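Student: I am new to this model and would like to look closely at one residue and what surrounds it. Could you take your time and connect the pieces as you go?

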Amino acid sequence: MTIIGVDIGGTFTDVFLIDNETETQAIHKVSTTDDPSVGALTGIREICEMADTPPENVDYVLHGTTIATNAVLEHEGVETGMITTENYRDISHIGRHQRPQNYSIQQDIPWQSNPLTKRRHRKTVSERLTPPDGNVKVPLDEDAVVDAARELKDEGVEAIAICFLFSYLNDVHEQRAKEIVEDVYPEAYVTASSEVYSQFREFERFTTTAMNAFIGPNVVEYINRFKKELTSYGITADLHIMQSNGGIATDGMAAEKPVSLLLSGPAAGILGGQWRSELSTPTDEDPNTITLDMGGTSADIGIIDDGEVTEANIRETEIGGYPVMAPMIDIETIGAGGGSIAYVDQGGAFRVGPKSAGANPGPASYGRGGTEPTVTDAHVALGRVRPEFFLGGEMDLDTEAAKDAVSKTLANPLGMEMVDAGLGVLDIVNNSMANAIRSKTIQKGRDPANFTLVTFGGAGPMHAADLIEELNIPRAVIPVNPGVLSAVGLTTTDIQYDYVNTEFSLMSDLDQDGLRDTYDDLANQARTQLRSDGIPRDRISLELTADCRYEGQGYELNLTVGTSGKIDDIETIRQRFHEAHEAEFGHNFPGNPVEVVNERITGYGELPSSEQVSFPEATTPVADHVLAEEVVYFRDDEESVALDTPFFERNDLRAGHSIEGPAIIGEKDSTTVVPPNFTATVLAHGDLELTQTE
Amino acid sequence: MSNTNSKHTVREQTKPLVAVDNPEDEIDPIQRRVIGGSLINICDEMGHKLTRMSYSSIIRESEDFGCALLDEQGRQLCETDSTPLQMGPIPAYVQGVIDLFEERDEAFNEGDVILHNDPYYGASHAPDFGIIIPVFHEGELTGFSVTTAHHLEIGADKPGTCIIETVDSYSESIRLSALKIVEEGDRNDTAWDMIADNIRTPDMVMGDIEAQISAARVGARRLTELFDDYDHHTVKIAGQALMNYSERMLRSEISKLPDGTYSAEGYIDGYLESENPAEKDVFLAVDLEIDGDDIEVDLSRCDDQLDNKPINMPFEGAVIPAVLLVIRSTLLDTEKFEMVPQNDGITRPVSVHAPKGSIANPRFPAPTIARFTPGNRIADLTLKALTEVVPEKTCAGIGNLKVSTNSGVTDDDEYWVYMDISSGSYGARPTKDGLDAVDTLYANTRNNPIEDIESHYPLRVSRYELRENDEGAGEFRGGYGPIRELQYQTDGRMSIEGDGSKYPPWGFAGGQDGSPGALLVESEIDETTPRSKMSNKPISEGQRVTLIGPCGGGWGDPLDRDPERVQADVLDDLVSRERAKEVYGVVITEDGEIDQESTVELREDRR
């Protein structure tokens, strides 16, 4: 079976191919193009050629993308309209009437200052459902829906969110309105709140739906384009896309629910980092891991606590300050990457990022017309990156241009030496990454001393040593092929689909047969989908759970309810809920009625895992592999020092090799900096471990 | 600082540091940050548990609760990010309990859980129950883990807690003065039963008290673990260093301001329908003196207390938090000073004075349950005083709030009680428009989703939208208040505690005043007298009550407003074309375009 993972970052598109029958693995890296699908297809075509794999032999194309995220963060979605219940025009504007900050007069509220749907595009129609059953109290005024759709079309709106109160109980009005809108305005992207997030709490549901509409057209257009190009190249495999929760969805599901893709790219990286951390942990313990994925534009930080990827609390998940009710891995993203531009601001302060030179023009040293110094240029100017190693020598690096940029833009105006300015760029960018890591560890009561830092992305390994020193982390791991770990991570996950039935019944009102039927129905949907993905029966597994709470509570606990075909006795489930409540909150109420809010099934389709290819042991002294010795600049206390530094090619190193800093270890897609007082050791699976020399 | 003036109550200043003079020197900065982070994380976990375990929507959805950890002297170390009016008074609750224990010669013991709601001993008002757990480590009292929360029903003479007619402290709730409901681990069943028997919705309230206890226990356990992980001394030093840091940051901002006294005064509605002139148009005044890096706030000019109306404000539990909230939100606005922790250090540079017998410092047993809106007006006037000296950090007048209790008796002869918080809006800022339809100043709760309310109570929220055309005009305009309409599905009763229906939020620097709020009851004839309060009024099935929030004041001359902003408001149906022309001097065509020429001409004429 052949799987291709494609991860599109701001600067580079990474491609990984694995064929588990021939044990072929290949990696490839191309520049991200303005239309990201073009670069992705170039990468796929080239990697197939490199691996001698005909396109029709590819079984899966797994894809991580930032297209949805960027549309939200840059507020570059389409003009979006909303059709909502009469008398409730401003639900998405008023929100929960809470200010985001307790102690601020000058704050902005994102949904007020930068709404996903402007008030002028929020049209109300007469309709009303009532709880508890979603009965129709006021019928849908279909003519008003027609008028609203026409007005929105005339106003140039491209996407329409249909958001009615209580639609999670009964979607009849939303579905009918959706039909009408699609009829009147077939070109529009139309999405209904009951399809996006079928749960109570209207502000959060409406906002999630509006965001789905806001980014929908861009995502759909992108997916379609990419699929078309895959087909034209001769790939017959379906396109699958990484979701924010680390599971994989079909392209159709992704197009319907782009909000589930907001952390698609970063999630793949964290999974890759988790995999390497587990491989490199000597014991059977589940490792505590901080993943740092530093690419050209940004750095993503994730936490794996006792082997579990931390998932964000759905009540706290947000993107750009807007609530988004979609399951996602907990990730902190900051604007610090190899392409981040360093500058002196109006007040004379030295700053780095968040503006990035991207792939075009790129850093000054790329020689593509960039003149502003970037983090990469600082490394080049300090002698840490040698042109012959950069992208395997496939691309030239202009060292003089890097030095010039650092001198002209930074050193001269600040009255510093070029070397000090270059080191200053690194200090600033390291500090902002260290602060972001602190916010996820120290501020959450997690001591970095108990973690391993896995650094990857093209720029990560250049900063690993400085970060573990600053944060008192005992070791850093730089995985094999660190520049493409996200693409590799895509191939380590399972295909995952979630199915939900909203129940809202007291457990005492449920009967065993009815419950079984509900789960059977969900199980059939999951199995059908997974089989259509070509997953064999023995690689399909289902997880059956229910969201339960005490009647009257506002939040649910998720419990397992047995296995498919064998639902646990209702009394057993009730008992399990009491125990779970005790475990979670230290208290339970055995006499109180328990309510089942949702039944859920998650279907997993196991893909052949990326078994680690064995890595050869060292047979020669490491000193034999020194390629050159050059002057490289480091920081020693407050002073800059020029040290003769050996350069190694990572491909020459074998398990057991150990290198004392200062040293530079170059490889095709990244460079590892080993400062003085650090040691780099090649581990059994080929990963590089950095520790401070005792 | 000491009690220099017998006429004034001077807020007792923080006790001197006992451990060391310069805690910063004794702890390495990484460890200090780790411990500071752990403390915040513990409070977050407490809040999380409380929201998830509680039953009433006022806690689980509206988040009208607070959690904090304090050191063994009762100084606050850290807090949740729920509503400031719940966290702010927590140190006063603990001090109140300490004082009561001293008076009664009672001691804190390991395993005690103390329930407290006495507004004359630090509580914010009777419905906000405090749960105080003394934390012991190796047999020594090392701190307090505290939760506060607004309870739905507290056994007053009328259902619910939005009560505007009470005669004294005894008539407004069951009184709980530092009551050990769990004593050294043993639950006091008698006290428990007595409380349950005295409230109308015992299941919900007792469930919420249990949730509060569980959350406070989590805090106590985690704090003990922290003492185990480090040692008592290290945690203590870190706590002191964090407090000193916050104090230093606030002092540094205060010292940048010119010394002097800055004043603001105004009125609250009070009881507009009352025949007693003392009960309406109540006068409040704030005199704020900046002296070096200290601020003294004097409230001596406020009206006297009302002996038989509950809009008197507990001094420690409501007035001081109101003043501190505004000083922190302007001088250390988290938009800019995100990293300054909210702890005891923030309170140190500020002292507040109000004479005993003032509406801002009543004498026992004057009732205080409806202190919410007058306290928020004290905050608004503190802000107004600061506008004189740091206009760039403040905003124009802010709209006050309304809170309703809705109740009835079911066919099964059981009470249902529901509390709803309606929002106000913010005044315009020096460079931006005001926030629309938000909770204001020391209140920062959340509304209850309509889909939650209608699923649990015989109520319908039949409208929830922004007001239109009523904004405080200016170069930057004030926020729009909301219109929230409640319709009863069965016969019931409604009480409303509110203010701001007569006096509009103030405009600044040429900006117009905003619009007052309103309270309308369907099919009632007399709508001529504005009102903001209602006492346990019968509402019949199908009848609607409309709560309209005020619109915030404007900032700067409306004729200076960017025509494109006016156009956007017209397109959004917030400002009519007529109003755009009349108030802003901007001519918008029928097609929604700006008529540039006519606009320039009109604006020139007006100046």
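Is B:Glu454 buried or exposed?

Tutor: B:Glu454 is buried, with a relative accessible area of 7%, where buried means under 20%, exposed over 50% and partly exposed in between (1.4 Å probe, protein chains only). The model is a predicted one, in which local features need pLDDT of at least 70 and side-chain atom pairs 80 or more, whereas totals for chains, interfaces and linings use all residues. Residues are numbered from 1 along each chain as written, chains are lettered from A and ligands numbered from 1 in written order, and side-chain values use heavy atoms, without hydrogens or water.

B:Glu454 belongs to helix α11 of chain B (helices, H or I of at least four residues, and strands, E of at least two, are DSSP runs numbered from the N terminus). Apart from neighbours within four places in sequence, B:Glu454 is in contact (heavy atoms within 4.5 Å) with A:Arg128, A:Pro131 and A:Phe166 of one chain and with B:Leu459, B:Arg460 and B:Val461 of the other. With B:Val461 there is a specific pairing, since the side chain of B:Glu454 comes to 2.9 Å from the backbone nitrogen of that residue. B:Gln489 is 35 residues from B:Glu454 in sequence, and the two C-alpha atoms are 9.8 Å apart in space.

The loop between β14 (415-422) and α11 (450-456) of chain B holds B:Asn447, which also counts as buried, at 4% relative accessibility. Its side chain reaches across to chain A, with the backbone oxygen of A:Gly95 at 3.0 Å. Leaving out residues up to four places away in sequence, B:Asn447 touches A:Ile94, A:Gly95, A:Arg96 and A:His97, as well as B:Glu61, B:Ser62 and B:Tyr464. Two of these names, A:Arg96 and B:Glu61, return in a network of salt bridges that also links A:Arg201, A:Glu204, B:Arg60, B:Glu63, B:Arg446 and B:Asp452; a salt bridge here is a side-chain nitrogen of Lys or Arg within 4 Å of a carboxyl oxygen of Asp or Glu.

These contacts belong to a wider meeting of the chains, in which 61 residues of chain A are in contact with 80 residues of chain B. Ten salt bridges are found across the interface of chain A and chain B. On the side of chain A that touches chain B, the elements giving two or more residues are α3 (91-94), β7 (128-130), α8 (202-233), α13 (418-440) and α17 (570-585) of chain A.

Two single pairs show what such a bridge looks like. The side chains of B:Arg429 and A:Asp108 meet with N and O at 3.8 Å, while those of A:Arg120 and B:Asp572 meet with N and O at 2.9 Å. The latter pair crosses between chains, from the loop between α4 (110-113) and β6 (122-125) of chain A, where A:Arg120 lies, to the loop between α12 and α13 of chain B, where B:Asp572 lies. Both partners are buried, A:Arg120 with a relative accessible area of 19% and B:Asp572 at 12% relative accessibility.

To return to your residue, B:Glu454 is buried, and the residues in contact with it come from chain A and chain B.

How values were computed
A polar contact is a pair of N or O atoms within 3.5 Å; within protein, one must be able to donate a hydrogen and the other to accept it, and residues adjacent in sequence count only if both atoms are side-chain atoms.
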